[in-house]
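Hi,

Here's the structure I said I'd pass along. Have a look at it first, and then read on for what turned up.

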Amino acid sequence: MPTASRLVAALCLLVIAFLVSGMIIDNGEEGKDYGYFTYVNIILGWICGWVVMGKRAGRGWTAAVNNGLTGVAALVFWGLFVQGTYEMFCQAMRHRFGGPFEALLAIFQIGIGYGEQLLAPEILLTLGFGAVLSGILTEIAFRRWR
């Protein structure tokens, strides 16, 4: 059921996904084509905000901060998994793997490689501050528009 808290949570994580995607592209390899990277992350942000954060609103301020941290953690997890899976399929089409299990293992290896890019201080600060702010804004929306 659509609620204001789900909408606010989805918009908050959408903005976080957009900002962090831009930072990753700026810090990434020179001349690399990122394609639909930002758009995919924005969609994942919307889904994680709507599904993960929106339904957990209304449990208090401490739970709101934890809700924001959980939402951003889910966004990072699904972002790394989806982007790793896409890169694995691209490499599999070029016959880079010896078998299906090697390809499945590569999803996690590629995801870990992408996760290392998230360790830049400005990205960690954006994720942390965005998580707290999105959790609080979601709680405010829940309390204001029940």
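In what order do the elements of the chain run from the N terminus on? The answer is α-α-α-α-α. That fits the overall tally of five helices and zero strands. Before you load it into anything, keep in mind that this is a predicted model.

Some overall numbers to start with. The C-alpha trace spans about 55 × 30 × 25 Å along its principal axes. The chain has 146 residues, and 40% of them are buried.

**The pocket**

You'll probably want to go here first. The largest pocket has a volume of about 560 Å³. It is lined by 27 residues, and those closest to its centre are Phe37, Asn41, Gly79, Gln83 and Tyr114. Which elements give two or more residues to the lining? They are helix 1, helix 2, helix 3 (61-93) and helix 4 (100-117). Helix 3 gives the most, with nine residues. If you're thinking about the chemistry of that lining, it divides into 17 nonpolar residues, six polar and four charged.

**The nonpolar patch**

There's also a nonpolar patch on the surface, formed by Leu7, Leu11, Ile43, Trp46, Ile47 and Val51. Together these residues have about 510 Å² of accessible area. Two elements give two or more residues to the patch, namely helix 1 (4-27) and helix 2 (37-53). The largest share, four residues, comes from helix 2. Both of these helices also turn up among the elements that line the largest pocket with two or more residues.

I took a separate look at one member of the patch, leucine 7, which sits in helix 1. Is leucine 7 exposed or partly exposed? Its relative accessibility is 39%, so leucine 7 counts as partly exposed; the exposed class only begins over 50%.

**A loop residue**

Last one: glycine 58, which you'll find in the loop between helix 2 and helix 3. Glycine 58 has a relative accessibility of 35%, so this residue counts as partly exposed too. I also checked how glycine 58 sits relative to threonine 126: the two are 68 residues apart in sequence, and their C-alpha atoms are 24 Å apart in space.

That's what I have for now. Shout if anything is unclear.

Cheers

Terms used:
Residues are numbered from 1 along each chain as its sequence is written. This is a predicted model: local features need pLDDT of at least 70, side-chain atom pairs count only at pLDDT 80 or more; totals for chains, interfaces and linings use all residues. Side-chain values use heavy atoms; hydrogens and water are left out. Patches are made of residues with over 30% relative accessible area and no salt bridge: like charges are joined within 9 Å, nonpolar side chains (Val, Leu, Ile, Met, Phe, Trp, Tyr) within 5 Å. Accessible areas come from the Shrake-Rupley method with a 1.4 Å probe; for residues, only the protein chains shown count as cover. A salt bridge is a side-chain nitrogen of Lys or Arg within 4 Å of a carboxyl oxygen of Asp or Glu. Buried means under 20% relative accessible area, exposed over 50%, partly exposed in between (1.4 Å probe, protein chains only). On a 1 Å grid over the protein atoms alone, a cavity is a set of points where a 1.4 Å probe fits but cannot get out, and a pocket is an open set with protein on both sides within 12 Å along at least five of seven lines; lining residues have an atom within 4 Å of a point. Grid points are joined across faces, edges and corners, and a volume is the space filled by probe spheres set on the points. Ala, Val, Leu, Ile, Met, Phe, Trp, Tyr, Cys and Pro count as nonpolar, Asp, Glu, Lys and Arg as charged, and the others, Gly among them, as polar.
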